Amino acid sequence: MKNYLQDIPYIHEKIMEIRNKRYFTKPEIHERMLADESRVSAYYKAIKKYISPGDIAVDLGTGTGILAMFASKAGARKVYAIDHSDIIEMAEFLAKDNDIDNVVFFKGHSRSFAPQEKVTAIIHEQMGSELFNEYLIQNITDLRDRILAPGGKILPSKFELFLEPVSLKPSYKMPFLWERDLFGLKFSGTRRFIQESKDFSALARTTLQRRILPDEVEHLLCNPEPVFKFDLYQAGSDTFGCTWHQQRSIVQDGEIDGYCLYFKTLFDDEIFIQNGPNDRRTSWNCHFIRSEAIPVSKGDRIGVDWDVKDICNVSTWTHATTVLERAGSAS
């Protein structure tokens with residue numbers, strides 16, 4: 001009997017491919033990205049610094065073609081601009097309108113892109129709001145292994161993923177149904193109802209996560225530490241299924257409302273982009289993974305175990321939080 005669960009990552013990827021093809025055709029999406037000064041300036045500085053005269057570059061997910069045009073202006077001999085959405089037609093128009101004639105446009109998925117020569121640089125902006133949800137690792141490592149010349153560059157290549165316990169501002173807090181007690185009415189029984197109902201238990205899982213804006217966070221409860229780091233020069237394409245364990249010290253009194261997922265993208269130690277609650281707002285929202293409210297105090301230690309069934313599908317991520325030690329208690 002066929003195990004259809006094995007097909008879930010493949011099905012999710014195909015759904016996301018169709019969704020992204022439509023999503024990134026919309027001009028307003030690119031207006032928001034071009035208005036992100038942190039994003040645009042970091043890419044401009046990195047391309048100017050690392051693209052050399054004579055380079056043959058690939059711009060994966062070219063959008064309006066801005067990064068491909070940056071590479072051309074930096075001296076690249078040829079730039080391949082790849083995008084599977086109709087926005088590539090605008091990119092081709094803009095290249096001509098800027099008198100740039102060394103960009104070759106390819107409409108389609110990058111995995112069907114096969115130039116006759118090796119390229120010396122891969123430029124990309126494949127980060128989704130959950131970092132991996134636009135298939136960053138799979139798409140870049142495919143190009144890396146097939147068409148990147150030895151010693152070639154990947155811009156950017158280094159990433160850090162953060163899952164930080166946070167307290168939300170009071171107006172943005174949203175307790176679970178079973179945590180409510182309103183005007184004498186208790187809702188604690190909804191937990192049992194959901195657990196015993198097949199239909200409702202499936203629906204309940206969809207409410208565990210949502211996207212938030214950084215300014216919805218009251219404060220981080222720990223000093224930020226990445227839960228996961230990787231470099232695209234070494235990363236493998238097999239990214240499905242992993243576990244992470246964190247032991248963290250609470251540095252500020254508050255209540256754990258959930259975990260804020262954000263990332264840091266590094267071109268080098270000086271040029272990077274970060275989209276966390278304490279950072280300048282970017283075109284990426286933060287992703288919020290809810291938790292039952294856990295009161296904590298400065299000096300407490302917590303342990304968090306993450307079970308990640310599909311790294312590209314954040315809805316498959318689950319976690320369990322344990323208070324390991326209260327401040328002032330014996331070890």
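The expected span of a helix is 1.5 Å times one less than its number of residues. That yardstick applies below to helix 3 of this predicted model.

**Helix 3**

Helix 3 covers residues 37-50, 14 residues in all. From first C-alpha to last, helix 3 reaches 20 Å, close to the 20 Å expected at 1.5 Å a residue. At the start of the helix, D36 makes a contact with the backbone: one of its side-chain oxygens comes to within 3.2 Å of the backbone nitrogen of S38.

Which residues of helix 3 are buried? They are S38, R39, V40, A42, Y43, A46 and I47. S38 thus appears twice, as a buried residue and as the backbone partner of D36.

What do the buried residues of helix 3 pack against? Two helices are involved, helix 2 (27-34) and helix 4 (66-73). The strands are strand 4 (119-124), strand 5 (148-155) and strand 14 (272-274).

**Salt bridges**

The structure holds 16 salt bridges. Among them are the pairs tabulated here.

| Pair | N to O distance | Separation in sequence |
|---|---|---|
| E89 and K107 | 3.9 Å | 18 residues |
| R191 and E292 | 2.6 Å | 101 residues |
| R326 and D300 | 2.8 Å | 26 residues |

Take E89 and K107, whose side chains meet in a salt bridge. E89 sits in helix 5 (residues 88-97) and K107 in strand 3 (residues 103-107), so the bridge ties together parts that are 18 residues apart in sequence. E89 is exposed, at 51% relative accessible area. A residue counts as exposed over 50%. K107 is partly exposed, at 44%. The pair also belongs to a network of salt bridges that links D86, E89 and K107.

R191 and E292 join through their side chains, 2.6 Å from N to O. This pair links distant parts of the chain: R191 belongs to helix 7 (residues 189-196), and E292 to strand 15 (residues 286-296). R191 is partly exposed, at 32% relative accessibility. E292 is partly exposed too, with 31%.

The third pair is R326 and D300, with the closest N and O atoms 2.8 Å apart. R326 lies in the segment after strand 17 (317-325), and D300 in the loop between strand 15 and strand 16 (301-308), so the bridge connects parts 26 residues apart in sequence. Is each partner buried or partly exposed? R326 is partly exposed, at 38% relative accessibility. D300 is buried, at 2%.

Methods: Residues are numbered from 1 along each chain as its sequence is written. This is a predicted model: local features need pLDDT of at least 70, side-chain atom pairs count only at pLDDT 80 or more; totals for chains, interfaces and linings use all residues. Side-chain values use heavy atoms; hydrogens and water are left out. A salt bridge is a side-chain nitrogen of Lys or Arg within 4 Å of a carboxyl oxygen of Asp or Glu. Helices (H or I, at least four residues) and strands (E, at least two) are DSSP runs, numbered from the N terminus. Buried means under 20% relative accessible area, exposed over 50%, partly exposed in between (1.4 Å probe, protein chains only). Contact means heavy atoms within 4.5 Å. A polar contact is a pair of N or O atoms within 3.5 Å; within protein, one must be able to donate a hydrogen and the other to accept it, and residues adjacent in sequence count only if both atoms are side-chain atoms.
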